[in-house]
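Student: I have a protein model open in front of me and I'd like to learn how to read it. Could you walk me through some features?

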Amino acid sequence: LKMTHQDSYGTYTPSPPLPSPPPFPCSEDPENCTPSNRKCNLHRSVLFVKVLPAGKGNRVSSPQQMTQFTIPFGNWENWGWYRERISEVTQCPVEDIKIVYAGCQRRDEEGRHSGLCVQSTIHALLPSTFITQEYGLI
């Protein structure tokens, strides 16, 4: 990924890779910050990623077949930055990951103002060779 990007808002530098959100129970507020009520900034400032198989004929027959994990939200990042965060979790090469948000496949060059907000859900389409039992799709 390039170090600086240019879009209609000007030139910007993406955030460095951020650490994955910590597991629960929350170390800052274990009683009030839970998976269903994210209170602290580390647990609140995330994106939910649902993993799906890529390619024709690959269908998810039920929501139970989709696994969801979280990645850091970042600061006005482009789609390539989010693909890199998904790659860190799944070990799938960045160039093989496709992201779908708001019903459309997203491309890196679309710019940083993507319409995402904290706790948005995006779909990551991965080649079947990277879909393992860990992601609930075999």
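Student: How many aromatic pairs does a search of the whole structure find?

Tutor: Keep in mind that this is a predicted model. A pair of aromatic rings is described by the distance of the centres and the angle of the planes. Searching the whole structure turns up three aromatic pairs. One of them joins Trp 81 and Tyr 82, with 5.2 Å from centre to centre and 90° between the planes. That pair is edge-to-face, because planes over 60 degrees apart count that way.

Student: Are Trp 81 and Tyr 82 buried or exposed?

Tutor: Both Trp 81 and Tyr 82 are buried. They also belong to one aromatic cluster, together with Trp 79 and Tyr 101. Look at Arg 85 as well: its charged end sits over the ring of Trp 81, 4.6 Å from the ring centre.

Student: Now the cysteines. How many disulfides does the search find?

Tutor: Zero disulfides are found in the whole structure. You can still ask how accessible a cysteine is. Cys 92 has 1% relative accessibility, so it counts as buried. Cys 117 has 44%, so it counts as partly exposed.

Student: How should I read a histidine? Where is His 43?

Tutor: Start with its place, then its accessibility, then its neighbours. His 43 is in helix α1, which covers residues 41-44. It counts as buried because its relative accessibility is 1%. A polar atom of the His 43 side chain lies 2.8 Å from the backbone oxygen of Pro 22. Leaving out residues up to four places away in sequence, His 43 touches several others, including Pro 23, Phe 24, Cys 33 and Gln 119.

Student: Let's try a strand. Which residues of β5 are on the covered face, and which on the uncovered one?

Tutor: In strand β5, residues 98-101, Ile 99 and Tyr 101 make up the covered face. Lys 98 and Val 100 make up the uncovered one.

Student: Which strands does β5 pair with?

Tutor: Follow the bridges. With β7 (residues 121-126), β5 pairs in the antiparallel sense over three bridges. Three bridges also join β5 to β6 (residues 104-106), and these two run antiparallel. Val 100 shows both sides of this: it stands opposite His 123 in β7, and its bridge partner in β6 is Gln 105. The strands β5 and β6 form a hairpin with two residues between them.

Student: What is special about the phi of Ala 102?

Tutor: Most residues other than glycine have a negative phi, and most peptide bonds are trans. Ala 102 has a positive phi of about 55° although it is not a glycine. It lies in the loop between β5 and β6 and, at 61% relative accessibility, counts as exposed. Gln 119 has a positive phi too, near 65°. This residue is in the loop between β6 and β7, and its 32% relative accessibility makes it partly exposed.

Student: And which peptide bond is cis?

Tutor: Look at the bond from Phe 24 to Pro 25: it is cis, with omega near 5°. Pro 25 is found in the loop between β2 and α1.

Student: Last one: how far apart are Val 51 and Leu 125 in sequence and in space?

Tutor: They are 74 residues apart in sequence, yet 6.1 Å apart in space, C-alpha to C-alpha. Val 51 is in strand β3, residues 46-53, and counts as buried at 0% relative accessibility.

Notes: Residues numbered from 1 in each chain as written. Predicted model: local features only at pLDDT ≥ 70, side-chain atom pairs only at ≥ 80, totals over all residues. Heavy atoms only, no water. Phe/Tyr/Trp six-rings, centres within 6.5 Å; stacked < 30°, edge-to-face > 60°. Buried < 20%, exposed > 50% of the residue type's maximum accessible area, 1.4 Å probe, protein only. Lys NZ or Arg CZ within 6 Å of the ring centre and 35° of its normal. Disulfide = S-S within 2.5 Å. Helix = DSSP H or I, 4+ residues; strand = E, 2+ residues; numbered from the N terminus. Polar contact = N/O pair within 3.5 Å; in protein donor to acceptor, adjacent residues only side chain to side chain. Contact = heavy atoms within 4.5 Å. Pairing = 2+ DSSP bridges.
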